[in-house]
Amino acid sequence: MRKIIFLITLLGLLTGRMAAQSVTVDAKIDSLQILIGEQTKITLEVSTDADKRAIFPVYTDTIVKGVEIIDIAKPDTQYLNDRKRLLIKQEYTITSFDSALYYLPPMQVLVDNKPYLSKALALKVYSVPLDTLRFYGPKPVMAAPFVWKDWYGVMACGILLIPFGFLLVYLIMRIFDNKPIIRKVKVEPKLPPHQLALQEIERIKAEKVWQKGMQKEYYTELTDALRGYIKDRFGFNALEMTSSEIIAKLLEVNDKDAIADLRSLFETADLVKFAKHNPLMNENDANLINAIDFINETKVQEDDNAKPQPTEITVIEKRSLRMKILLGVGIVILSIAVIASLIYIGTELYSYFA
């Protein structure tokens, strides 16, 4: 009876030990000793049944104070024993920047929400040793070599500073010199109305547009020249009046005999422009002569050989508010440019010679 109880107890212990051995957690470190700033890796291994779920510890920046985590690799999973067992590996890359002996506590893994701990680790961090035999002390400060490229900006500012300065002085003098501007303007005299009209008729005669079949254009230009002469000679706006209105107005101020041929000319022009009348060649020439005769008969009698001389007038202009504003804006912009150039040149020279 005692033997049976002993065997049952031993079997229970072995079964519990096997159950306990179904999950194993182990932690290894690649190097126990590193220099400041060097890196090493911690490998956390979990062996468990394939049907169980393992959750690895999550760290943010450090494992313990002074030991920083640089990288966390993806877990590496391997199946064992005909896919009945799992071997999961997780790598943590760590470093430290303070020399000390660090105690790394056990890392906890949850397998089916049951915690399992690895063994504790240690890490020794050494400071970088100084080689006193090769320590030569601080070296003297050496002056930088002169390079023309470094002074292109200073030279450009110096070159632009001269015209900017002269222009600034000129604008300041202009804005304080508020005297009116006196200019002499030469006015060319206007030709008398009959001379202007005769010049236009001579041009029409020289072009001979009626000989090219352009009857409408010929009579339009001829009557326009006459309308302009009548407007300037008699003082009413013949350019905006019909032919009959012009003849009626002229009858009030002039001899009927001088207007008879002009009436025939306007009637022919209206027929050509509005009724597509095609006058004979001699009729076109006669109308041109009638226009010249009308101008000569009605012009103001004066010496046609006397050439009018140009006159000179004096124009006095005061400086406008707009001009004053423009001068003020120009002075402000140039002042800023000059001051900025001087500050830049002074800073560069000070930094070079200091």
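**Note on the predicted model: strands, cores and salt bridges**

1. Lys41 stands opposite Thr93 of strand E8. This is a predicted model, and the pair is a convenient place to enter it. Strand E3 and strand E8 are joined by 11 bridges and run in the antiparallel sense. E3 covers residues 39-49, and E8 covers residues 85-96. Strands in a sheet are held to each other by backbone hydrogen bonds, in either a parallel or an antiparallel arrangement.

2. E8 has further partners. Strand E6 (residues 67-72) pairs with E8 over 5 bridges, again antiparallel, and here Val67 faces Ser96 of E8. Strand E7 (residues 76-80) is also antiparallel to E8, with 5 bridges between them. Tyr79 has Leu86 as its bridge partner in E8. The hairpin made by E7 and E8 has 4 residues between the strands, and Asn81 in this hairpin has a positive phi near 50°.

3. Is E8 mostly covered or mostly exposed? Of its 12 residues, 10 are buried, so the strand is to be read as mostly covered on the cut-off of under 20% relative accessible area.

4. Glu45, on E3, takes part in two salt bridges with lysines. In one, its partner is Lys28, with the closest N and O atoms 3.4 Å apart. This pair links distant parts of the chain, since Lys28 belongs to strand E1 (residues 24-29) and Glu45 to E3, 17 residues apart. In the other, the partner is Lys89, and the closest N and O atoms are 3.7 Å apart. Lys89 sits in E8, and 44 residues separate it from Glu45.

5. How do the members of these pairs stand with respect to burial, buried or partly exposed? Glu45 is buried because its relative accessible area is 15%, which is under 20%. Lys28 counts as partly exposed, with 41% relative accessibility. Lys89 is likewise partly exposed, its relative accessible area being 29%.

6. The whole structure holds 7 salt bridges. Another of them joins Glu221 to Arg203, with 3.4 Å between the closest N and O atoms. Glu221 lies in helix H4 and Arg203 in helix H3, so this salt bridge ties together parts that are 18 residues apart in sequence. Both residues are partly exposed: Glu221 has a relative accessible area of 25%, and Arg203 is at 31%. Through salt bridges with shared partners, Glu200, Arg203, Glu207 and Glu221 form one network. Side chains with opposite charges can pair when the charged atoms come close.

7. The helices also share a nonpolar core. The largest such core has 29 residues, and those with the most contacts inside it are Ile201, Tyr218, Ile230, Leu250, Leu262 and Phe294. At least two residues each come from helix H3 (193-207), helix H4 (215-234), helix H5 (243-253), helix H6 (256-275) and H7. H4 gives the most, with 8 residues. Leu250 touches Ile230, Phe234, Phe236, Ile259, Leu262 and Phe294, leaving aside residues up to four places away in sequence. Another core, of 27 residues, lies apart from this one and includes Ile42, Leu44, Val46 and Leu104. In soluble globular proteins, nonpolar side chains tend to be buried together.

8. Helix H7 (residues 281-298) has 18 residues and reaches 26 Å from its first C-alpha to its last, close to the expected 26 Å. Its buried residues include Leu288, Ala291, Ile292, Phe294 and Ile295, and also polar ones such as Asn284, Asn287, Asn290 and Thr298.

9. Two open sheets of 3 strands deserve a look. One has the order E2-E12-E9 and mixed pairing. Strand E2 (33-35) and strand E9 (100-104) are its edges, each with a single partner strand, so one side of each is left without a neighbour in the sheet. On average, neighbouring strands here are turned by 25° against each other, direction ignored. E9 pairs with strand E12 (residues 121-126) over 5 bridges in the antiparallel sense, with Leu104 opposite Leu121 of E12.

10. The other sheet has the order E4-E10-E11, with antiparallel pairing. Its edge strands are E4 (54-55) and E11 (114-117), which pair on one side only. Strand E10 (residues 108-111) is joined to E11 by 4 bridges, and Leu110 stands opposite Pro115 of E11.

Notes:
Residues numbered from 1 in each chain as written. Predicted model: local features only at pLDDT ≥ 70, side-chain atom pairs only at ≥ 80, totals over all residues. Heavy atoms only, no water. Pairing = 2+ DSSP bridges. Expected span 1.5 Å × (residues − 1). Buried < 20%, exposed > 50% of the residue type's maximum accessible area, 1.4 Å probe, protein only. Core = buried A, V, L, I, M, F, W, Y, C linked by side-chain atoms within 4.5 Å. Contact = heavy atoms within 4.5 Å. Salt bridge = Lys/Arg side-chain N within 4 Å of Asp/Glu carboxyl O. Axes fitted to C-alpha atoms, helices over the stretch in contact; angles between N-to-C directions.
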